[in-house]
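Here is a friendly walk through one chain, starting with its charged pairs and moving on to its buried and exposed parts. Please keep the 3D view open as you read.

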Amino acid sequence: MKKSFLNSLGPGLLFAGAAIGVSHLVQSTKAGAEFGFGLFWALLLVHIFKYPFFQFGPRYAAATGETLLDGYKKLGKSVLAIYYVLNFATMFTIQAAVTIVTAGLASQLFGFTNNLVVWSTFLMTISLLFLLVGKYKLLDNLMKYIIIILTVSTIIAVSVALFSSKEAFDVRQILPSGTVEITFLIAFLGWMPAPLDVSIWHSIWSVEKSKNTFIKIKSKDAIFDFNVGYISTLILGICFVLLGALVMYNSGETFSNQGGKFASQLVTLYTKNLGEFSYIFIAIAAFTTMFSTTITSLDASPRAMNRSSKLLFDKEFKFGYWFWIILLFIGTFIILQFFLKNMGSLVKIATILSFLTAPIYAVLNYLLITGKHTPKEHRPSIYLKTLSILGIVFLIGFSVWFLTSI
């Protein structure tokens, strides 16, 4: 039993590695810096209402031994084609957004050069080599250590901030108003804790895990593993909002849209308020946060596109995964040439697109997990179905509110 649990642990941590990135380090920190504790309601609600749709990924994979993409094809080839187009349209922007933030931090922490395109290329090359040499197994094992380091260093930083703060806590909640604030809220919700298409990545990793271990992962273990990763994203989301609120709220600082300058502001503000000794904890937390996201997204999107291509065209592409990973590498490099000096706009575009497409993935995942393609014993309970319906209403409602408010 213990061995089975340890063997099944992995995809949930890969989910956490993919999720804990721009949404936490950039968006959550900004939420705390600009609104104090006022957006805790948004953080909690989006975790609650997105939960079912993320959980349906490992649930479906454990129940059927297939990815969500296989399920989408069963719903209709046109459904899979819609995903193919949506993913192709967003994958380069998403990769560019996470990579430029990582590059900014690397430039600030390690020096060598301030050229973020050079740093981005270097980091993606290192990530590619990880995937080339170790494939899924190395990624699976590496992520366990990254998440542990990230969690410990972040909690230490938050603890220091809490004990150092002499200000009274204002826990009043805020509903943003005006185009700028509403746009930030939607961007915050878009990648918190992750874009909903990460549920597809999770189902792919779950199937890959079964192939590598030659063990059919039980549904109960898969969901438990997912819950470990999901709760980690919530705890760390709260930590980064707390850090932003405790250290930066009312500091008078305005965040730069340039990657290198943003990273410099982030680390400088933390160390100035928490003390120079905290630099190492902040540095490790920030860089591991973003590097884990860079490497997992570089792996996942090509896997998803390769699987989609095979299902759509009924043809096995021998080097399909590597074709997509090289294409993603090149496309990301090209995008960074145009958005190098405006990281904020790049992140905003990526996060808002993710939120506006979220209802599509939510509906598809719900239809698949509650329909005939999922064995009855693996379908969600009435409580999870009810939460799913409320989640779909939440996602559609906020999308409509955003589109009518801008």
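A salt bridge here is a side-chain nitrogen of Lys or Arg within 4 Å of a carboxyl oxygen of Asp or Glu. You are looking at a predicted model, in which local features need pLDDT of at least 70 and side-chain atom pairs count only at pLDDT 80 or more, while totals for chains, interfaces and linings use all residues. Residues are numbered from 1 along each chain as its sequence is written, and side-chain values use heavy atoms, with hydrogens and water left out.

**Overall picture**

The chain has 15 helices and 0 strands; these elements are DSSP runs numbered from the N terminus, with H or I over at least four residues for a helix and E over at least two for a strand. Of the 406 residues, 60% are buried, where buried means under 20% relative accessible area, exposed means over 50%, and partly exposed lies in between (1.4 Å probe, protein chains only). About 16700 Å² of the chain is exposed, and carbon and sulfur atoms supply 68% of that area. Such areas come from the Shrake-Rupley method with a 1.4 Å probe, and for residues only the protein chains shown count as cover.

Contact means heavy atoms within 4.5 Å. Among contacts between residues at least 6 apart in sequence, 86% join residues at least 24 apart.

**Confidence**

The predictor's confidence in each residue is given as pLDDT, from 0 to 100. The chain averages 83, and 88% of the residues score at least 70. Helix α5 (residues 68-75) has the highest mean pLDDT among the elements, at 94, and helix α1 (residues 2-8) the lowest, at 46. Over residues 1-8 the pLDDT stays under 50, and the model has 10 contacts beyond four places in sequence for this stretch.

**Salt bridges**

Side chains of opposite charge can pair when their charged atoms come close. How many salt bridges does a search of the whole structure find? The search gives 7, and three of them are tabulated here.

| Pair | Closest N to O distance |
|---|---|
| Asp70 and Arg307 | 2.5 Å |
| Asp314 and Lys73 | 2.9 Å |
| Lys77 and Asp314 | 3.2 Å |

Take the salt bridge between Asp70 and Arg307 first. Asp70 lies in helix α5 and Arg307 in helix α12, so this pair ties together parts that are 237 residues apart in sequence. Asp70 is buried, with a relative accessible area of 9%, whereas Arg307 is partly exposed at 25%.

Next comes the salt bridge of Asp314 with Lys73. This pair links distant parts of the chain, with Asp314 in the loop between α12 and α13 and Lys73 in helix α5, 241 residues apart. Lys73 counts as partly exposed at 26% relative accessibility.

The salt bridge of Lys77 and Asp314 also has its place in this picture. Lys77 sits in helix α6 (residues 77-110), and 237 residues separate Lys77 from Asp314. Lys77 is partly exposed, at 37% relative accessibility, while Asp314 is exposed at 55%. Together, Lys73, Lys77 and Asp314 are linked in a network of salt bridges. Beyond its neighbours within four places in sequence, Asp314 is in contact with Lys73, Lys77 and Ser309.

**A buried serine and a buried helix**

Is Ser297 buried or exposed? Ser297, in helix α12 (residues 279-313), is buried, with a relative accessible area of 2%. Its side chain makes a polar contact of 2.9 Å with the side chain of Gln95. A polar contact is a pair of N or O atoms within 3.5 Å; within protein, one must be able to donate a hydrogen and the other to accept it, and residues adjacent in sequence count only if both atoms are side-chain atoms. Leaving aside neighbours within four places in sequence, the contacts of Ser297 are Gln95, Val98, Trp201, Pro302 and Leu328.

Helix α2 (residues 11-19) has 9 of its 9 residues buried, so this helix is largely enclosed by the rest of the structure. Among its buried residues are Pro11, Leu13, Leu14 and Phe15.

**A nonpolar surface patch**

On the surface, Ile326, Ile330, Phe333, Ile334 and Phe338 form a nonpolar patch with about 490 Å² of accessible area together. Patches are made of residues with over 30% relative accessible area and no salt bridge; like charges are joined within 9 Å, and nonpolar side chains (Val, Leu, Ile, Met, Phe, Trp, Tyr) within 5 Å. Phe338 belongs to helix α13 (residues 320-339) and is exposed, with a relative accessible area of 70%.
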